[in-house]
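User: I have a model open and would like to talk through how its helix contacts and charged pairs get their labels. Could you take me through the reasoning?

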Amino acid sequence: MTTTATQGPKGRPDPGGRPGVPPRPAAHAHPGQAHPGQAPRGHASPGAAIAVLPHVLRTALAWTDAHRAEFALPDDVLDPRTQVNATLKPLGELAQLCSTVRAATDPGTPEHEVAGDLVTYAWEQVSRGALLLELLRAEPFAAYPYEIYAAFAGYGLRHEGFEALARPLTATRAWAHTEQHANRQLGLINSERRVGVLTHTDAGAVLSRTWLGGLSEPWTFEGPSGYALTHTVFHLTDWGRMPDRVPEKTDAYLRTWLPAWADGCLESGQWDLTGELLAVGASLPGPAPLELLDAVWPVLADVQHTTGCVPETGPPVDEDAPDPYPFIDCYHSTLVTAFAAALSLRSLRRTDRTTPGRERHTP
């Protein structure tokens, strides 16, 4: 079983589809159209992203912080009958995405501090690693305890007992030959890098077997391939922290087609996948993809509820309610929005510093 932040929401196999209509392939999109009740698709206006991003990030984190109790693990979390996808998976996603938000934000800022507090909360929920050791003992060749642990290890939180047991397990032939999709294998390689052990295979060879690494025909993009490519980039770049790991051809391919794919997601109301595509754009080496960020972020900002949450899919709720969506229907997309917003702000600010003659106002 593999159930970490590398999966889509609600435990669908990575990269799972989403309810409703999948994103329309780019070749079939019709610019300017939107489904009834959904936000119109964006048109790039210089500076539009930087104008909305600070508020989007702050409110998404505020909603997550206010709902941290929803991520708490139940007392029977170690019971084999407990649903991992409804317990450990959301907590692992909280740790992974908030650790990246903290790394991408400036020390001393509220968003930096809140993200750090949420990672600490998640670490306490797994008993500072002891619970993950129990999971590893129960399922020694399951990837998910290791990947959840790696999210904490990449942040600097370690458990000696977990690593003492994991070290010989990850050196076995069985570990190296676990059968899984290439995109999932990249996730395991990145986890090994975070823990600091020798990776079981070469990441470049695995990348070539993914939908993205093969530079697949862009019109074949849909929900499953969309989540496959976003997580390929996340694993390759260590969740946006190492953009230079993206090969030149892959970078050029993504810069060419991300705008069309994002447009299709906006048209079909796939807000969670839209956020992941924005995070991919902000994880690329070199300058930020300004037109993509300026066109799409204002639309996603309009979808975000005043409380800070963002629905996974469908028409956004426009009502003054403290919880307009069930937690399970918005926690992942809200975390992804915060994650993508932090990476986008970092990418835009780096571009401003390195591009002569550019001036932007940062709220």
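Analyst: Happy to; we will go through helix packing and then salt bridges, keeping in mind that this is a predicted model.

User: Great. Why is helix 5 called oblique to helix 8?

Analyst: The axes of helix 5 (residues 143–153) and helix 8 (residues 182–195) cross at roughly 45° and come within 9 Å. Angles under 35 degrees count as roughly parallel, and 65 to 115 as roughly perpendicular. An angle of roughly 45° fits neither range, so helix 5 is oblique to helix 8. The crossing of helix 5 over helix 8 is left-handed.

User: Which residues in helix 5 and helix 8 meet?

Analyst: From helix 5 come Ala143, Tyr146, Glu147, Tyr149, Ala150, Ala151 and Ala153, and from helix 8 come Arg184, Gly187, Leu188, Ser191, Glu192, Arg194 and Val195. By class, the residues of this contact are 8 nonpolar, 2 polar and 4 charged.

User: What makes helix 4 roughly parallel to helix 6?

Analyst: Here the angle decides. Helix 4 (residues 130–138) packs against helix 6 at about 30°, with the axes 9 Å apart. The cut-off for roughly parallel is under 35 degrees, so helix 4 counts as roughly parallel to helix 6. This pair also has a left-handed crossing. Leu132, Leu133, Leu136 and Arg137 of helix 4 touch Gly161, Phe162, Leu165, Ala166 and Leu169 of helix 6. That contact holds 7 nonpolar, 1 polar and 1 charged residues.

User: Helix 6 also holds Glu163. Why does Glu163 count as buried?

Analyst: Its relative accessible area is 14%, and buried means under 20%, so Glu163 qualifies. Apart from neighbours within four places in sequence, Glu163 is in contact with Tyr149, Arg158 and Val195.

User: On to the charged pairs. How do you know that Arg184 and Glu147 form a salt bridge?

Analyst: The N to O distance between their side chains is 2.7 Å. A salt bridge needs a side-chain nitrogen of Lys or Arg within 4 Å of a carboxyl oxygen of Asp or Glu, so this pair passes. Arg184 lies in helix 8 and Glu147 in helix 5, so the salt bridge ties together parts that are 37 residues apart in sequence. Both Arg184 and Glu147 are buried.

User: What separates Lys89 and Glu93 in helix 2?

Analyst: About one helical turn, because they are 4 residues apart in helix 2 (residues 88–104). Their side chains meet in a salt bridge at 2.8 Å, N to O. Lys89 has 0% relative accessibility and so counts as buried. Glu93, also at 0%, is buried as well.

User: Which residue forms a salt bridge with Arg194?

Analyst: That is Asp238, with the closest N and O atoms 2.7 Å apart. The pair links distant parts of the chain: Arg194 sits in helix 8, and Asp238 in the loop between helix 10 (223–236) and helix 11 (248–267), 44 residues apart.

User: And why do Arg194 and Asp238 count as buried?

Analyst: Arg194 has 8% relative accessibility and Asp238 has 9%. The limit for buried is under 20%, so the label applies to Arg194 and to Asp238.

User: How many salt bridges does the structure hold?

Analyst: The structure holds 9 salt bridges, among them the Lys89 and Glu93 pair.

Conventions. Residues are numbered from 1 along each chain as its sequence is written. This is a predicted model: local features need pLDDT of at least 70, side-chain atom pairs count only at pLDDT 80 or more; totals for chains, interfaces and linings use all residues. Side-chain values use heavy atoms; hydrogens and water are left out. Axes are lines fitted to C-alpha atoms, for helices over the stretch in contact, and angles run from 0 to 180 degrees between N-to-C directions. Helices (H or I, at least four residues) and strands (E, at least two) are DSSP runs, numbered from the N terminus. Angles under 35 degrees count as roughly parallel, over 145 as roughly antiparallel, 65 to 115 as roughly perpendicular and the rest as oblique. A crossing is left-handed if the near helix is turned anticlockwise from the far one by less than a right angle, and right-handed if clockwise. Contact means heavy atoms within 4.5 Å. Ala, Val, Leu, Ile, Met, Phe, Trp, Tyr, Cys and Pro count as nonpolar, Asp, Glu, Lys and Arg as charged, and the others, Gly among them, as polar. Buried means under 20% relative accessible area, exposed over 50%, partly exposed in between (1.4 Å probe, protein chains only).
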